[in-house]
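Okay everyone, thanks for coming. Let me put the structure up, and then we'll walk through a few spots together.

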Amino acid sequence: MTTSKPPENAQVYLVGGAVRDRLLGLRAGDRDYVVVGASAEQMRDAGFRQVGRDFPVFLHPQTGEEYALARTERKSARGHTGFVVHADPSVTLEEDLRRRDFTINAIAEADDGSLVDPFDGAADLQSRVLRHVGDAFVEDPLRVLRAARFMARFAPLGFSIAPETLALMRQMTHEGELADLVPERIWQELAKALRSKQPSAFLQSLRAADALRAILPEVDALYGVPQRAEYHPEVDTGVHVELVCDMAATLAPGDDLIGFAALCHDLGKALTPIDELPRHVMHEQRGIDAVTALSTRLKVPAEHRDVAVIACREHLNVHRLDELKAATVHALIARCDGFRKPARIDQLATVCEADNRGRTGFAGRAYPQANELRRLHKIAMAVRSSDVAEGLSGPAIGEALSRARTAAIAAAKLAGAGSEPAVQP
């Protein structure tokens, strides 16, 4: 298995996601091991490097793979960190597996390939069911988010949450356990969900557990808000956001920045006055503060926040790109800081395409505005300050550069006029 070995008489098992994914026929990620019958001192003597002073996890000296001593956990305080860990050679493999969250993650594999599966996780894999291991599930509120995040990954394979597990998730929500989650861990789980194939399953699972309002109240508020059916056959804004997130995952697989902007682009629709529904005039402006508040609360990375704000503010402008004058297109690019950070224009184009195609019946439709925005941006970027700077200095160079870039956009729009019809939002 490896060039160095744990102490003699210790038993080593492959556990967790590597076993689960192999049984599902998926490409396995990191390989984690549990060691039964060894002490921390013996692991250190064998050359393994301990992670943290008191936590019984060790890194293999050659491979860097994690080897954890079999351990039990006892709840000592609220929150997902409030546990006392007990690890010594007397802890059995089954005791270690019992502390895990879901049966599909509580399967161990011995060196000879045989499985140790005391909670029938293999059967749940076959049945495509996400089921909790035991009653201790309720002791860790992070598991509500983990369940939803696993659904974002495994819903395309036909998985569902076991009714009894969903009942425990609701219980944890109603008892206020989710209030103890720290923002960083919420963001980690959300980002993983947005990198998955079906982020909508994350939102749906949290809603089913009554947890979305506690985790993402700005998103939860979108459900039940109507939109004009001629533009949005799905009508419900929350359903639209689900479709947009899934389309973003298709257009930009594994990109949680695009996913986060897709999630947030229509937050302003929850703030539309009731007497204006189902129209949403100015929702792109109303949503900016909501995007900022959500990002601040969850300590979202600054670039994710900035691109989400841009998508919220500009998506309607991109949708009607063919109607915009050259100077307006230049101003849009400049507002996005697209001349200094050119990747932002590609990101905005992708989110807008996800928005347009994330509607019932629109998934397969063309969205030429995305590539047109990229084309105009590229043409404008090709004009350099050195092309216009002769005889000028200071602010005059920037003004001349803006005029030249606007002229280039105008010429490009004229040359491309009528080549491909725009698709309205």
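So, H280: buried or exposed? Its relative accessibility is 10%, and buried means under 20%, so H280 counts as buried. Oh, and keep in mind that this is a predicted model.

Where does H280 sit along the chain? You'll find H280 in the loop between α12, residues 256-264, and α13, residues 283-297. And who's around it? Leaving out residues up to four places away in sequence, H280 touches V225, P226, Q227, T237, K269 and T272. Have a look at T272 in that list, since the side chains of H280 and T272 are joined by a polar contact of 2.7 Å.

Okay, on to the sheet. It's an open one with 7 strands, and the pairing is mixed. If you read across, the order goes β3-β4-β5-β2-β1-β8-β9. Which strands stand at the edges? Those are β3 (49-50) and β9 (115-116); each has a single partner strand, so one side of each has no neighbour in the sheet.

Let's zoom in on one pairing. Strand β1, residues 11-15, runs antiparallel to strand β8, residues 108-109, and 2 bridges join them. If you want one to click on, V15 has A108 in β8 as its bridge partner.

Now for the rings. How many aromatic pairs does the structure hold? There are 7. One of them is F48 with Y67, which is edge-to-face, with 5.1 Å centre to centre and 65 degrees between the planes. That pair links distant parts of the chain: F48 is in the loop between α2 (40-45) and β3, Y67 is in strand β5 (residues 66-69), and they're 19 residues apart. F48 has a relative accessible area of 3%, so it's buried. Y67 is at 0% relative accessibility, so it counts as buried too.

Another edge-to-face pair is W187 and F260, at 5.5 Å centre to centre and 90 degrees between the planes. Here W187 is in helix α7 (residues 183-194) and F260 in helix α12, so to speak a link between distant parts of the chain, 73 residues apart. Both W187 and F260 are buried.

There's an aromatic cluster as well, formed by F102, F137, F150, F154 and F159. Stay on F150 for a second: R149 lies over its face, 4.8 Å from the ring centre. You can find a similar arrangement at F362, where R365 lies over the face at 4.2 Å from the ring centre.

That's my tour, thanks!

Key. Residues are numbered from 1 along each chain as its sequence is written. This is a predicted model: local features need pLDDT of at least 70, side-chain atom pairs count only at pLDDT 80 or more; totals for chains, interfaces and linings use all residues. Side-chain values use heavy atoms; hydrogens and water are left out. Two strands pair if DSSP finds at least two bridges between them. Helices (H or I, at least four residues) and strands (E, at least two) are DSSP runs, numbered from the N terminus. Buried means under 20% relative accessible area, exposed over 50%, partly exposed in between (1.4 Å probe, protein chains only). A polar contact is a pair of N or O atoms within 3.5 Å; within protein, one must be able to donate a hydrogen and the other to accept it, and residues adjacent in sequence count only if both atoms are side-chain atoms. Contact means heavy atoms within 4.5 Å. Rings of Phe, Tyr and Trp (its six-membered ring) pair if their centres lie within 6.5 Å; planes under 30 degrees apart count as stacked, over 60 as edge-to-face and the rest as tilted. A charge sits over a ring if NZ of Lys or CZ of Arg is within 6 Å of the ring centre and within 35 degrees of the ring normal.
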